[in-house]
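Me: I would like a close look at one part of this model, the sheet and what packs against it. Please take a single bridge as the point of departure and work outward.

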Amino acid sequence: MRVNLGKDSYDIIIEQGALDKALEYVQSVYQGNKIVIISDDNVYPIYGHKIEGKLSQEFIVHDIVLPHGEKTKNFDILPEIYSQLLSFHLTRTDLIIALGGGVIGDLAGFVASTILRGVKLIQIPTSLLAQVDSSVGGKVAVDLKEGKNLVGAFKHPSLVIIDPLTLKTLDQRYINDGMGEVIKYGCIRSASLFDKLANYKDFDDLYKDIDEIIGQCVDIKRDVVEKDLYDFGDRLILNFGHTLAHAVEQYYHYEKYSHGEAVAIGMVQLTRIAEKKGMCQNGLSQKIKEVCIKYNLPSIAHLSSQDLSQAISLDKKNINKKLSYVLLKDIGETYIYPSDLTFIEGEEI
């Protein structure tokens, strides 16, 4: 699949067993000297040694292995990573590979966009959430104590390599996490995908079609990103559920809910509020809630709008003093509703 962005265009490979061809795929876009693999202590022991071994046949390869989890994606960790990269004598013609889930993809992508004013990047996402969402589109970032992804950049990779076999080694919670974003794609752009998700018995049943499911999600994101590179127009629909989700995550210091779980809460609760105001189809929030429950996702955090107000006020979708709420008319049909915190005032979320 090709993401057509002029000089920033790149391919997305979705293939079971793609990691076995890592050297071939990397060589198709990179003919330099050094590669640094940035990964975490969950993923690297499973896949890092294998990939490093293959790439070492043709390149000088270093690795940086970080603690897993959202807390690693922190602005304060950057100087240590930059220091390690400079100790490897990284140059602007070298390559960084992000090997891991969304945290590593975002962090390594931000590092690649900033070190030496930018080096090449390849994304190898190993979690469901990263494969269907965060590895595609070029948005990279780190967190501040004030909120999630508040320091970031647009850094498109030279290549994205998605191997669905990596999902076999994920804990169930990380599968659930990714399903939050998969459901989002059905909600915003594809009633047929949403219906398909509703009709599988569970994730094990869905897995027989996993390449197709990942492909559909990535294709939706590719289409949206091509039309709106910098997140001011059509691309805002990708944030369905995220205004509330990021606030919920921050309220619990990224410890209680994973990103996909928080997105599920955000989608259900925002749709419920819109439904109360007569701004979408009746019964829509229940429909989304039932699919979320099927994939072991929560639908409410039992927080007041007041609890979340500070985090929401710092949301990056706060443009011209208005929040851009992404709402559904129906499954597969979205619209942007500019408002402020009064839209959710007095609600339990």
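Which residue in β6 is the bridge partner of Leu95?

Reply: The bridge partner of Leu95 in β6 is Lys120. The model is a predicted one, in which local features need pLDDT of at least 70 and side-chain atom pairs pLDDT 80 or more, while totals for chains, interfaces and linings use all residues. Residues are numbered from 1 along each chain as its sequence is written, and side-chain values use heavy atoms, without hydrogens or water.

The pair Leu95 and Lys120 belongs to the contact line of β5 and β6, two parallel strands joined by six bridges. Strands here are DSSP E runs of at least two residues, and helices are H or I runs of at least four, numbered from the N terminus; two strands pair given at least two DSSP bridges. Both strands are part of an open sheet of seven, ordered β1-β2-β9-β6-β5-β3-β4, with mixed pairing. At its edges stand β1 (2-3) and β4, each of which pairs on one side only.

Strand β4 (residues 60-66) runs parallel to β3 (residues 34-40), and seven bridges connect the two. Along this pairing, Ile38 of the one strand faces Ile64 in β4. Between the two strands comes helix α2 (residues 44-55), and β3, α2 and β4 together make a right-handed β-α-β unit (with the strands pointing away from the viewer, the path from the first strand over the helix to the second runs clockwise).

Helix α2 has a buried side made up of Tyr44, Tyr47, Gly48, Ile51, Glu52 and Leu55. Viewed down the helix axis, these residues fall within an arc of 125°, so they line one face of α2 (the arc is taken over directions from the axis to the C-beta atoms). Pro45 and His49 are exposed and sit on the face turned away from that buried side. Buried denotes under 20% relative accessible area, exposed over 50%, and partly exposed the range in between, with a 1.4 Å probe and protein chains only. The cover over the buried residues of α2 includes β3, β4, β5 (95-100) and β6 (120-125), together with helix α1 (22-27). The strands of the opening bridge thus reappear among the elements that cover α2.

Helix α1 deserves a further step, through Tyr25, which lies in it. Tyr25 is buried, its relative accessible area being 13%. Beyond its neighbours within four places in sequence, Tyr25 is in contact (heavy atoms within 4.5 Å) with Ile13, Glu15, Ala18, Leu159 and Ile161. One of these partners, Leu159, is 134 residues away in sequence, yet its C-alpha lies 8.4 Å from that of Tyr25.

The wider packing can be placed beside this. In the largest nonpolar core, of 72 residues, Ile183, Leu197, Ile288 and Tyr295 touch the most other members. Helix α11 (residues 259-276) supplies the largest share of this core, nine residues. Apart from it lies another core, of 23 residues, with Ile13, Ala22, Leu23 and Ile161 among its members. Such a core joins buried Ala, Val, Leu, Ile, Met, Phe, Trp, Tyr and Cys residues through side-chain atoms within 4.5 Å. Ile13 and Ile161 are also among the contacts of Tyr25.

Two backbone details complete the account. Tyr254, in the loop between α10 (242-251) and α11, has a positive phi of about 60° although it is not a glycine. Asn296 likewise is not a glycine and has a positive phi of about 60°; Asn296 is found in the loop between α12 (284-294) and α13 (305-313) and is partly exposed, at 47% relative accessible area.
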